Amino acid sequence: MRIEQIINMEVRDRSIIDSPILYKGEAYTFFDTGLTRYVFANADKTKVIKILIEKGEGRFDFNEEESDIYKNASDEKRAKLAKTELTYNGTIIEQEFCNPIKFDDRKMTIPQILFASSCRNEVGWTKEGNLVCFDLNEYMKY
Amino acid sequence: MKAEQQIQIQQLVLDYFIDTDDKTMSAIIKCFVYNESTKDDKISELIDKFIKDNGLTQAFINHHLDLKNTESMWLRSSLSERDMIDQVHRAFLNLAFNRFAWLMDKPVKKVREIKLVEPQRIMLKYDENDCDVHIVSDLNDNYCLCGNATEGDFIKESILNVKDKVTCKNCLSIVNSAKKMKV
């Protein structure tokens, strides 16, 4: 990777972290980032939106994949996934907010730890106190 | 697995077996961690209950089958299941260490060695003035001056047949109990 590309990425990351996004009439601020997507949360922490860092030909669309996983999941499996919907012509993932365990020190039971570990700890607590997987691509893969 | 999760598992195992005695715990660890079979139904039931209560049935079966079929081309257990069982094993060993450390920290009662003496004869001193006989030394370390006697009260020392000569009730009871013990 060339130095100017790295600088461009850093400038982009900084501007994204600092700027809120208006989505469906509601302001979303930067919450977290993964390898492929930025995550923004609304003010009352009920929803997040996920936006691909880079989208283009030949790049894998993780938003589309996540949406497919949720659509095709059985009811039993869905109960362990954060509610997910693909919006804006398939460009943005809208998902139920769940507080990732890396930001939440809540005590877990052995089955919950096993579940988290099997999802590479990409799980979080919903408002109702359920532990769900928010990165659907990682669900029970490990 | 993250360090905080490992510590949580250890804490959960410690809490789960808080009321289980050391002997049972030792048997559980021998069976569950070291994979040694047991004929004790109570131990089997306790392990079974622990596995079920903690949702580890599938993980435990898969892990166990992997251990049995080491030549298999693939593993039945997932990475997280193997990791979890390893962590639970570690939590049991941590529990064992905690019990052991607790035992070591407990004040230990000094165990007195019992000296072997002739059962019918013991060393006595008696007070000539009131003709009272008391044990003063060395029936064994547990038996020394009786409640009625203090050092300096005695002027004579001899070896006597205790059955006939001991008049102090306290000393006589000590002699009799010593006889029962066959020291």
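Q: What joins E2(A) to E3(A), and through how many residues?
A: In this predicted model, the connection from E2(A) to E3(A) is a hairpin of 3 residues.

Q: What makes strand E2 and strand E3 of chain A a pair, and in which sense do they run?
A: Pairing requires at least two bridges. Strand E2 (residues 26–33) and strand E3 (residues 37–42) of chain A share 5 bridges in the antiparallel sense, so they count as paired. One of these bridges links A:Thr33 to A:Tyr38 in E3(A).

Q: How many residues lie between E3(A) and E4(A), and which residue in the turn has a positive phi?
A: The hairpin of E3(A) and E4(A) has 4 residues between the strands, and A:Lys45 in the turn has a phi of about 50 degrees. E3(A) and strand E4 (residues 47–52) are antiparallel over 5 bridges, which again satisfies the requirement of at least two. A:Tyr38 is placed opposite A:Ile51 in E4(A).

Q: Which strands of the open sheet of 6 strands are called edge strands, and why?
A: The sheet has the order E1-E2-E3-E4-E6-E5 in chain A, with antiparallel pairing. E1 and strand E5 (84–87) each pair on one side only, and that makes them the edge strands. On average, neighbouring strands of this sheet are turned by 35 degrees against each other, with direction ignored.

Q: What shows that E5(A) and strand E6 of chain A pair?
A: E5(A) and strand E6 (residues 92–96) have 4 bridges in the antiparallel sense, against a requirement of at least two, so the pairing holds. A:Thr84 is opposite A:Gln95 in E6(A). Helix H2 (residues 62–72) of chain A packs on this sheet, where it touches E3, E4, E5 and E6 of chain A, and its direction makes about 135 degrees with that of E5(A).

Q: Why does A:Pro20 count as partly exposed?
A: A residue is buried with 20 or more C-beta neighbours within 10 Å and exposed with 12 or fewer. A:Pro20 has 13 inside 10 Å, so it falls in between and counts as partly exposed. Its place is the loop between helix H1 (3–18) and strand E1 (21–23) of chain A.

Q: Which residues are in contact with A:Pro20, leaving aside its neighbours within four places in sequence?
A: These are A:Ala27, A:Tyr28 and A:Thr29. A:Phe30 lies 10 residues from A:Pro20 in sequence, with a C-alpha to C-alpha separation of 6.8 Å.

Q: Which strands make up the open sheet of 3 strands in chain A, and in what order?
A: The order is E7-E8-E9, with antiparallel pairing. Strand E7 (99–100) and strand E9 (131–133) are its edge strands, as each pairs on one side only. Strand E8 (residues 123–125) and E9(A) are antiparallel over 3 bridges, and A:Val123 has A:Cys133 in E9(A) as its bridge partner.

Q: Why is H4(A) described as largely enclosed by the rest of the structure?
A: Of its 9 residues, 7 are buried, so the description applies to H4(A). The buried residues are A:Ile110, A:Ile113, A:Leu114, A:Phe115, A:Ala116, A:Ser117 and A:Ser118. Their cover includes E8 and E9 of chain A, and from chain B helix H1 (3–16), helix H4 (57–68) and H5. After H4(A) comes A:Arg120, with a positive phi near 55 degrees.

Q: What makes H4(A) oblique to H5(B)?
A: Helix H4 (residues 110–118) of chain A packs against helix H5 (residues 79–105) of chain B at an angle of about 140 degrees, with the axes 8 Å apart. Roughly perpendicular covers 65 to 115 degrees and roughly antiparallel means over 145. The angle fits neither class, so the helices are oblique. Their crossing is right-handed. A:Leu114, A:Ser117 and A:Ser118 of H4(A) meet B:Ser80, B:Asp83 and B:Met84 of H5(B). By class, these residues are 2 nonpolar, 3 polar and 1 charged.

Q: How many residues does the contact take from chain A and from chain B?
A: Chain A contributes 11 residues and chain B contributes 15. The side of chain A that touches chain B has 6 nonpolar, 4 polar and 1 charged residues.

Q: What does the secondary structure of chain B come to?
A: Chain B has 7 helices and 3 strands, in the pattern α-α-α-α-α-β-β-β-α-α along the sequence. Of its 183 residues, 21% count as buried.

How values were computed: Residues numbered from 1 in each chain as written. Chains lettered and ligands numbered in written order. Predicted model: local features only at pLDDT ≥ 70, side-chain atom pairs only at ≥ 80, totals over all residues. Axes fitted to C-alpha atoms, helices over the stretch in contact; angles between N-to-C directions. Helix = DSSP H or I, 4+ residues; strand = E, 2+ residues; numbered from the N terminus. Parallel < 35°, antiparallel > 145°, perpendicular 65-115°, else oblique. Left-handed = near helix turned anticlockwise from the far one by under 90°. Contact = placed C-beta atoms within 7 Å. Nonpolar A, V, L, I, M, F, W, Y, C, P; charged D, E, K, R; others polar.
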